[in-house]
Amino acid sequence: MEKAYYEPVEAPASANTGPDTDPAATYEYFRPTPATLSVWSDQMQHGGPPSALMMRSLLRCAPDPGQHLTRVTTEILGPIGLGVNRIHARVARPGRQISLVETELDVQQADGSFRTAARSVGWRIRAKDTSEIANGPAPLTPLPDELETQIGFPDDSGEAVDWGTLGFIGTVESARTEGRYGQTPAVWLRPAIPLVDGEKTSDLESIFTVIDVANGLGTRLRPNQWSWMNTDTTVHLTRVPSGPWVGIDAHMVAGPDGFGATLGDLYDTTGYIGRSAQTVMLNAVG
């Protein structure tokens, strides 16, 4: 297993001087490892690690301890390739009560230029004690330390998609439990390796590493018959989550017109933390 999903690297030659570069931005550079590989192709990354790398960027963008991230939308603009990844963030809407931060992930192409492959935007809302009115669905149980865990999602029961243990999936620890939708299991997940080599992964970074997997967990479609790639992931948080485990109880609704959506309830080990939604493009295989 790889040491991490990304290795920090120095800026490539002329990386900050091309027409695709914002001279006012501060860039960070990373090299994706084979642990980022997608289940759909060995030429691109799975959506999970880039989502987490962008979460890392959002958290470091003009951090304000008096505000919490409450909604994060990640847009996948094209295949996220395996070239050097470049990250940069900015505050799009400053404010003391509400602010908006955004980040972009660019991938270096064969000619040395960079192409924007994904972006994330996050709303932050001021922190305030509202515990006296807090509510939500019952916690997801049993907890992962009470269940048998495994690496990846091999289908040994006929109840879930057999994603195997290759690439990104081979770096995710999982434990199944009964789902509340009644069609697919709920699954506890956590990454088995750090996001960035040499760094401690934060709780939000850990959770966002695996939330993209909801799209694979919420369906009984078989990947040798259908593909259902998501173009985005939106997460609404109802409280500050604690990781590294996140429980996902997801269900994909396949529509009759070539698209659908995967909706998932999200939990940490103390209870409900919010909901995710993903737009899905449906295609028959072969």
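The legends below describe close-up views of a predicted model.

**View 1. Surroundings of Q45 in the loop between β2 (28-32) and α1 (48-60)**. Q45 counts as buried, its relative accessibility being 4%, which is under the 20% limit used for that class. The side chain of Q45 makes a polar contact with the side chain of Y6 at 2.6 Å, and a polar atom of the Q45 side chain also lies 2.8 Å from the backbone oxygen of G81. When neighbours within four places in sequence are left aside, the residues in contact with Q45 are Y6, P32, T36, L37, S38, P50, I80, G81, L82 and N85.

**View 2. Surroundings of D106 in strand β5 (residues 98-108)**. With a relative accessible area of 2%, D106 is buried. The side chain of D106 makes a polar contact with the side chain of H88 at 3.2 Å, and another with the side chain of T116 at 2.8 Å. Both of these partners, H88 and T116, belong to the set of residues that D106 touches once those up to four places away in sequence are not counted, a set that also holds Y27, V84, N85, R86, F114, R115 and A117.

**View 3. Helix α1 and the residue A62 that follows it**. The 13 residues of α1 reach 19 Å from the first C-alpha to the last, which is close to the 18 Å expected at 1.5 Å a residue. The helix is mostly covered, eleven of its 13 residues being buried, and among these are the prolines P49 and P50 together with L53, M54, M55 and L58. A62 is placed in the loop between α1 and β3 (67-76), where A62 has a positive phi of about 45° although it is not a glycine. Most residues other than glycine have a negative phi. A62 is partly exposed, with a relative accessible area of 45%.

**View 4. The cis peptide bonds that precede P142 and P244**. The bond from T141 to P142 is cis, with omega near -5°, and P142 is found in the loop between β6 (114-126) and β7 (150-151). A cis peptide bond likewise joins G243 and P244, where omega is about 10°, and P244 lies in the loop between β11 (232-237) and β12 (246-254). In general, most peptide bonds are trans.

**View 5. The largest pocket, with a volume of about 800 Å³**. The pocket is lined by 30 residues, of which H68, T70, T238, R239 and V240 are the closest to its centre. The elements that give two or more residues to this lining are α1, β3, β6 and β14 (271-284), and the largest share, four residues, comes from β3. By residue class, the lining of the largest pocket divides into 15 nonpolar, nine polar and six charged residues.

**View 6. The second largest pocket, with a volume of about 380 Å³**. Of the 23 residues that line the second largest pocket, W40, G47, I76, M229 and N230 lie nearest its centre. At least two lining residues are supplied by each of α3 (214-217) and β10 (226-230), with β10 giving the largest share, three residues. The lining of the second largest pocket comprises 13 nonpolar residues, nine polar and one charged.

How values were computed: Residues numbered from 1 in each chain as written. Predicted model: local features only at pLDDT ≥ 70, side-chain atom pairs only at ≥ 80, totals over all residues. Heavy atoms only, no water. Buried < 20%, exposed > 50% of the residue type's maximum accessible area, 1.4 Å probe, protein only. Polar contact = N/O pair within 3.5 Å; in protein donor to acceptor, adjacent residues only side chain to side chain. Contact = heavy atoms within 4.5 Å. Expected span 1.5 Å × (residues − 1). 1 Å grid on protein atoms, 1.4 Å probe; cavity = no way out; pocket = protein on both sides within 12 Å on 5 of 7 lines; lining within 4 Å. Points joined across faces, edges and corners; volume = space filled by probe spheres on them. Nonpolar A, V, L, I, M, F, W, Y, C, P; charged D, E, K, R; others polar.
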